[in-house]
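Visitor: Could you take me through how the parts of this protein model pack together? I would like to follow the reasoning step by step.

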Amino acid sequence: KVRQEAIAPEIPSMVRRHFSGIAKPGPVDFLNSCIHPFVGEFLSKLTDVPTDLDVSLVSRIFSRNLGVSRRCEMQQQLRMARDALTQRFPDDDEEATGERLALFVLGRDAFTGTLARSLHHTLEKTGNRLLCDCEPALRPTRTGVPFIDRQAIRDNSIGGREYSKGDVVRCPLQNLEQGSNPDRLRFFGKGTHVCLGRSASLLAFEALGRFLASLPVRISR
């Protein structure tokens with residue numbers, strides 16, 4: 001929370017810096033020129049983790065296609081990352097270090113996907129109109145996380161289906177995309193499972209929406 005409050009004033013300038021190419025004539029590689037650099041800086045400032053920390057394999061920890069040798073490499077990468085963070089933040093306990101690492105690693109894929117899909121959805125709806133005439137969304141309209149799994153803590157019935165204690169319940173988040181803004185806020189989870197970066201992420205989406213709404217430009221394929 002402290003870091004979110006600290007970086008909040010910087011978010012609009014980060015958006016302008018990384019998405020300014022949209023305002024210029026010519027082709028724009030949104031993913032590589034805008035989204036990836038923005039997400040990298042955003043998460044680095046949010047977690048205070050250096051951008052050059054190598055965690056390229058760690059986000060694939062749940063992949064079924066990762067072989068034994070790559071998993072060993074991933075374990076080594078994770079160990080080195082934790083050691084680097086322990087040295088950088090000697091006053092952090094194990095939980096704080098884990099939160100930094102989880103937000104920096106797992107937050108990257110989720111935030112990148114949600115930002116990319118929401119931006120695509122926004123631009124897709126503009127037609128031939130100027131962005132400043134389109135009222136771009138100030139909150140995410142699409143999610144980069146297709147589903148989350150939860151384990152039932154008691155016998156229950158949900159949507160006409162019976163679940164026993166211990167059952168794994170798969171919750172498809174993409175079903176929320178057709179709902180209202182309050183529904184879409186559930187992309188970030190709820191209660192004890194709420195996303196650690198929810199507040200800062202919402203500020204980023206709002207800043208991007210307002211930036212797009214200031215641009216007298218048209219987007220075409």
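Guide: Let us begin with a term: contact, or touching, means heavy atoms within 4.5 Å. This is a predicted model, in which local features need pLDDT of at least 70 and side-chain atom pairs count only at pLDDT 80 or more, while totals for chains, interfaces and linings use all residues. Residues are numbered from 1 along each chain as its sequence is written, and side-chain values use heavy atoms, with hydrogens and water left out.

Visitor: Which residues does Phe42 touch, not counting residues up to four places away in sequence?

Guide: Once residues up to four places away in sequence are set aside, we can read off the partners that remain. Phe42 then touches Ile7, Ile11, Met14, Phe111, Ala200, Ser201 and Ala204.

Visitor: Are H2 and H3 roughly parallel or roughly antiparallel?

Guide: Helices here are DSSP runs of H or I with at least four residues, numbered from the N terminus. The axes, lines fitted to C-alpha atoms over the stretch in contact, with angles running from 0 to 180 degrees between N-to-C directions, come within 9 Å for H2 (residues 11-19) and H3 (residues 30-47) and cross at roughly 150°. Because angles over 145 degrees count as roughly antiparallel, H2 and H3 are roughly antiparallel.

Visitor: Which helix gives the most residues to the largest nonpolar core?

Guide: A nonpolar core is a set of buried (under 20% relative accessible area, 1.4 Å probe, protein chains only) Ala, Val, Leu, Ile, Met, Phe, Trp, Tyr and Cys residues joined through side-chain atoms within 4.5 Å. The largest has 41 residues, of which Phe19, Phe38 and Phe42 touch the most other members. H2, H3, H4, H5 and H7 each supply at least two residues, and the helix that gives the most, with eight residues, is H5.

How values were computed
Angles under 35 degrees count as roughly parallel, over 145 as roughly antiparallel, 65 to 115 as roughly perpendicular and the rest as oblique. Buried means under 20% relative accessible area, exposed over 50%, partly exposed in between (1.4 Å probe, protein chains only).
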